[in-house]
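Work through the exercises below with the sequence and the model side by side, and try each task before reading its solution.

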Amino acid sequence: MEPTCADVTFGSRTGRAVLAAATLGSAMALLDSTVVNVALRQVGEDLEASLSDLQWVTNGYLLTLAALTLLGGSLGDRFGRRRIFVLGVVGFAVTSAACGLAPSAPFLVVARIAQGAAAALLTPGSLAMIQGSFAPGDRARAIGTWSGFGSVAAAVGPFVGGWLVEAASWRWVFLINLPVAALALLAARAVPETRDPEAVPGFDTRGAVLGALGLGGVTYALIQWTTTPPAAAVALVLGLLAGVAFVVAERRSPHPMLPLSLFGSRQFSAANGMTLLTYAALGGVLFFLVLQLQTVGGYGALRAGLATLPITVAMVLLAGRGGALAARIGPRLPMTVGPLLCGVGTFLLARVDADVDYWLDVAVPLTVFGLGLASLVAPLTAAVLAAAPDHHAGVASGINNAVARAGSLLAVAALPLLVGLSGEDYQVPSEFAHGYRAAMLWCAGLLVVSGVFSWLTIRNPSTVVE
């Protein structure tokens, strides 16, 4: 009988294999959440795409990732976290190849939607494998290492994307996933299988469909509001109704993919609320900044990618220490200070314009932003998992990942509408610059609200109220 919780130690050969597989898999998925941003302008020019097309290139991926991550976590708990993780990695490689060979914008959007579905299988599995395999005393260190390297992958994405765009083509932004997937599969061969012994038979198909319809309807409405208002209004109503139906279905389902009982924990609910706010802002910043540097600042793709290097440096040097600090003092302070620092950095980024001074207008703000991100990532992940029972590790991870992707999804869909950007505005410096400044202020506000929310709701372990 396969164990539900192994005694793998951090420095063991098996421990290194678990970390390698989990890090490579989640980094690949995270990379595609950010690396594409730096290639969007070139994708638009090559495929003659509009701003809404570019939003869908980003959001098609985030949509299925957010909607199906919960199902991916549940499948891992039932059929084996390693097995579902491997299936997701294979699917991600195949759909990445389809993205890289896309002949048109609609084809690319469809391929990105399929790629997000594959990511929904591997993303929760990566963290659940760590939670289910490592001995309890080594989990915090393992999660900190995983969070650090995963965040570095997300941060280094724009640099990698810029280099690939300028050295070869935007298509290699997707094709680069194939060798990474091969390495992840090689490492996964040594990963022990874990699962939830209490997982019930059956699939929450109704919940998965309603969740996807809810997110899809709202996303379509936000992106298409300025071009097709009647259809967008209908989609918004249908999306909201599907969202309500999703909650009702999960409450009544004998085997829901989102067990509402988990939200009976104040800590779990608060950490996911903070995740929604923080990742909405993060998604908006990464989407707009790289486009602003290219469209208004005159940067090439590689230079725009290199511009984000301060975030990478901060994550490499400090992410692990952020997790260790939170283990000593509790998650409340890091999860409060982190978003506030990110908010300050984002506010300073609003100054980026045609006369951008890299060191003053980009490097300093991104350093502050990176310090905040390094402070909050590991404590946030640990707080979510600590608030859920071990046998629900896959579902808890899935919920938190779904909330994070939904935040980014909604921000990328809503911000262009809120700041008045549409059509070909991403190619018009004067129009995009005005919208960019407003978007940065919106993101900074979200981060400040996130920090205040964490201070008011997150509790350290000795004072957690369930």
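A residue counts as exposed when its relative accessible area is over 50%, as buried when that area is under 20%, and as partly exposed in between. The model used throughout these exercises is a predicted one.

**Exercise 1**

Task: Decide whether Glu48 is buried or exposed, and say which loop holds Glu48.

Solution. Start with the position along the chain: Glu48 is found in the loop that lies between helix 2 (40-47) and helix 3 (51-79). Next, take the relative accessible area of Glu48, which is 75%, and because this value is over 50%, Glu48 is classed as exposed. Finally, look at the backbone, where phi of Glu48 is near 55°, a positive value in a residue other than glycine.

**Exercise 2**

Task: Work out how helix 1 and helix 8 are oriented to each other, and describe the residues that form their contact.

Solution. First find the two elements, helix 1 at residues 13-34 and helix 8 at residues 177-188, whose axes are 8 Å apart and pack at an angle of about 155°. Angles over 145 degrees count as roughly antiparallel, and helix 1 and helix 8 are therefore roughly antiparallel to each other. The crossing of these two helices is left-handed. On the side of helix 1, the contact is made by Ala17, Ala20, Ala21, Leu24, Gly25, Met28 and Asp32, which meet Asn177, Val180, Ala181, Leu183, Ala184, Ala187 and Ala188 of helix 8. Sorted by class, this contact of helix 1 with helix 8 has eleven nonpolar, two polar and one charged residues.

**Exercise 3**

Task: Describe the packing of helix 3 against helix 9, and then describe the packing of helix 3 against helix 5.

Solution. Begin with helix 9 (residues 205-224), whose axis comes within 9 Å of that of helix 3, the two crossing at roughly 160°. That angle makes helix 3 roughly antiparallel to helix 9, and the crossing of the pair is right-handed. Among the residues of helix 3 that make this contact are Trp56, Asn59, Leu63 and Leu71, while helix 9 contributes residues including Ala208, Gly211, Leu215 and Tyr220. By class, the contact of helix 3 with helix 9 has eleven nonpolar, seven polar and no charged residues.

Now turn to helix 5 (residues 105-133), which packs with helix 3 at an angle of about 25°, the axes being 6 Å apart. Angles under 35 degrees count as roughly parallel, so helix 3 and helix 5 are roughly parallel to each other. Their crossing is right-handed, and by class the contact of helix 3 with helix 5 has 15 nonpolar, nine polar and two charged residues.

To end at a single residue, take Leu71, which lies in helix 3. Leaving aside neighbours within four places in sequence, Leu71 is in contact with Ala208 and Met257. The C-alpha atoms of Leu71 and Ala402 are separated by 9.9 Å, although the two residues are 331 residues apart along the chain.

**Exercise 4**

Task: Which residues do Asn272 and Thr275 touch beyond their sequence neighbours?

Solution. Place both residues first: Asn272 is in helix 11, and Thr275 is in helix 11 (residues 266-295) as well. Asn272 counts as buried because its relative accessibility is 3%, and Thr275 counts as buried because its relative accessibility is 0%. With neighbours within four places set aside, Asn272 is in contact with Ile399, Asn400 and Val403, and the side chain of Asn272 makes a polar contact of 3.1 Å with the side chain of Asn400. Thr275, with the residues up to four places away not counted, touches Leu380, Asn400, Val403 and Ala404. As a last step, note that Thr275 and Asn401 are 126 residues apart in sequence and 8.8 Å apart in space, taken from C-alpha to C-alpha.

**Exercise 5**

Task: Find what the side chain of Thr346 reaches, and establish whether Thr346 is buried or exposed.

Solution. Thr346 is placed in helix 14 (residues 332-349). At 0% relative accessibility, Thr346 counts as buried. The side chain of Thr346 reaches the backbone oxygen of Cys342 at 2.8 Å. Setting aside neighbours within four places in sequence, the contacts of Thr346 are with Val285, Phe369, Met440, Cys443, Ala444 and Leu447.

Technical notes: Residues numbered from 1 in each chain as written. Predicted model: local features only at pLDDT ≥ 70, side-chain atom pairs only at ≥ 80, totals over all residues. Heavy atoms only, no water. Axes fitted to C-alpha atoms, helices over the stretch in contact; angles between N-to-C directions. Helix = DSSP H or I, 4+ residues; strand = E, 2+ residues; numbered from the N terminus. Parallel < 35°, antiparallel > 145°, perpendicular 65-115°, else oblique. Left-handed = near helix turned anticlockwise from the far one by under 90°. Contact = heavy atoms within 4.5 Å. Nonpolar A, V, L, I, M, F, W, Y, C, P; charged D, E, K, R; others polar. Buried < 20%, exposed > 50% of the residue type's maximum accessible area, 1.4 Å probe, protein only. Polar contact = N/O pair within 3.5 Å; in protein donor to acceptor, adjacent residues only side chain to side chain.
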